[in-house]
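Morning, everyone. Let me put the model on the screen and then walk through it.

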Amino acid sequence: PVLIKPNYINSRHPSTGITTDGRVIEGIVKFLKLERKIEEIIIGEGSGLGDTFQAFKVAGVDAVAERWGVKLIDLNKDEFVEVSPPNPLSLEKVRVAKTALESIIISVPKLKPHREAVVTLSLKNMMGALASKGIMHRGLSLSKNIVDLASILKPSISVIDGIIAGEGHETSGNPIEMNLVIAGTDPVAVDAVGAAVMGIEPTEIKHLLLAEKKGLGTSNLKQITILGETIEKVKRKFNRSLSSRLLAHLG
């Protein structure tokens, strides 16, 4: 199966710049069904701050699933499997949704900065598949934990929804119209480009540097081939929360 994993941290409307736009999800479903003839498609998320199905409804994803005959699941209610990341940087064991483990993953995050991780894009989006999101924030190991999790749940395709992005931090609700979608098969590269589009140097983002070291992809913009618009043409300096700027500075 193919799991489309959006970001519904809460059930705010995508126009707030917080949650994944249902139109992007529908575009992916349409491509998989019509172009790739893939039948077994699941849209799954485990909301961190609210009711996952309410979030699906607000974003119009329940209607997308119905239109295309796609399964919709709340990963918070999935069966969980304990997994040990290979050569962990910090996360020795973690309980992960079985559906995510058994699927080809398409990560569909929103384009937005984050208070602790500097950005919350396709790699960090995998946290929605955990039994306990809180485990990731213990101590000062969030960046290492994101990479360890990505080594178990590595997206095969990453599609960042930057139609209406979010400024400030992950739940601030300061929308910015960017009219962009950033996609690729290297999640580290996609996240690096997403960061650069927000005016954030990928070198500021610890989890991207660690992911590159671990062989999960490249964060070096000079080594990434960009098709379509150039970063320079579409980039905009996003306002960021103070904690995000401080963390980036402290490395």
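Is Asp 148 buried or exposed? Asp 148 is buried, with a relative accessible area of 0%. Keep in mind that this is a predicted model.

Now its partner. Asp 148 makes a salt bridge with Lys 214, and the closest N and O atoms sit 3.1 Å apart. That pair links distant parts of the chain, 66 residues apart. Asp 148 is in helix H5, residues 142-152. Lys 214 is in the loop between helix H7 (206-213) and helix H8 (231-234). Lys 214 counts as partly exposed, at 23% relative accessibility. The cut-off for buried is under 20%, so Lys 214 misses it.

Stay with Asp 148 for a moment. Leu 89 touches it, and also Lys 144, Val 147 and Leu 210, leaving out residues up to four places away in sequence. Where is Leu 89? Leu 89 is in the loop between strand E4 (80-83) and strand E5 (94-97). Its relative accessibility is 38%, so Leu 89 counts as partly exposed. One C-alpha distance here: Leu 89 to Ile 146 is 9.8 Å, with their positions 57 residues apart along the chain.

Next, salt bridges overall. How many does a search of the whole structure find? The search finds 12. The general idea is simple: side chains of opposite charge can pair when their charged atoms come close.

Take Asp 161 and Lys 110. They form a salt bridge, with the closest N and O atoms 3.0 Å apart. Asp 161 lies in strand E9 (residues 157-167). Lys 110 lies in the loop between strand E6 (104-108) and strand E7 (113-114). The two are 51 residues apart in sequence, so the pair ties those parts together. Asp 161 is buried, at 0% relative accessibility. Lys 110 is buried as well, at 0%.

Then Lys 33 and Glu 39. Their side chains meet in a salt bridge at 3.6 Å, N to O. Lys 33 counts as buried, at 13% relative accessibility. Glu 39, by contrast, is exposed, at 59%.

On to Thr 19. Which residues does Thr 19 contact, leaving aside neighbours within four places in sequence? Lys 110 and Asp 161 are among them, and so are Asn 7, Tyr 8, Asn 10, Arg 12, His 13 and Pro 14. So Thr 19 touches both partners of a salt bridge we just saw. Thr 19 sits in the loop between strand E1 (2-6) and helix H1 (22-35). Thr 19 is buried, with a relative accessible area of 0%. A polar atom of the Thr 19 side chain lies 2.7 Å from the backbone oxygen of Arg 12.

Now the sheet. It is an open sheet of six strands, with mixed pairing. The order is E3-E2-E1-E6-E9-E10. E3 and strand E10 (174-184) are the edge strands, and each pairs on one side only. The twist averages 20 degrees from one strand to the next.

Look at E2, residues 41-45. Why call E2 largely enclosed by the rest of the structure? Because five of its five residues are buried. In a regular strand the side chains alternate between the two faces of the sheet. For E2, both faces are covered. Ile 41, Ile 43 and Glu 45 are on one side, Ile 42 and Gly 44 on the other, and all are buried.

What are the neighbours of E2? E1 and E2 run parallel, joined by three bridges. Val 2 stands opposite Ile 41, and Leu 3 has Ile 42 as its bridge partner. On the other pairing, E2 and strand E3 (residues 71-74) are parallel too, over four bridges. There, Gly 44 stands opposite Ile 73.

Last, the helix. E1, H1 and E2 make a right-handed β-α-β unit. H1 lies across E1, E2, E6, E9 and E10, and runs at about 170 degrees to E1.

That's my tour. Over to you.

Key. Residues are numbered from 1 along each chain as its sequence is written. This is a predicted model: local features need pLDDT of at least 70, side-chain atom pairs count only at pLDDT 80 or more; totals for chains, interfaces and linings use all residues. Side-chain values use heavy atoms; hydrogens and water are left out. A salt bridge is a side-chain nitrogen of Lys or Arg within 4 Å of a carboxyl oxygen of Asp or Glu. Buried means under 20% relative accessible area, exposed over 50%, partly exposed in between (1.4 Å probe, protein chains only). A polar contact is a pair of N or O atoms within 3.5 Å; within protein, one must be able to donate a hydrogen and the other to accept it, and residues adjacent in sequence count only if both atoms are side-chain atoms. Contact means heavy atoms within 4.5 Å. Two strands pair if DSSP finds at least two bridges between them. A crossover is right-handed if, with the strands pointing away from the viewer, the path from the first strand over the helix to the second runs clockwise. Axes are lines fitted to C-alpha atoms, for helices over the stretch in contact, and angles run from 0 to 180 degrees between N-to-C directions.
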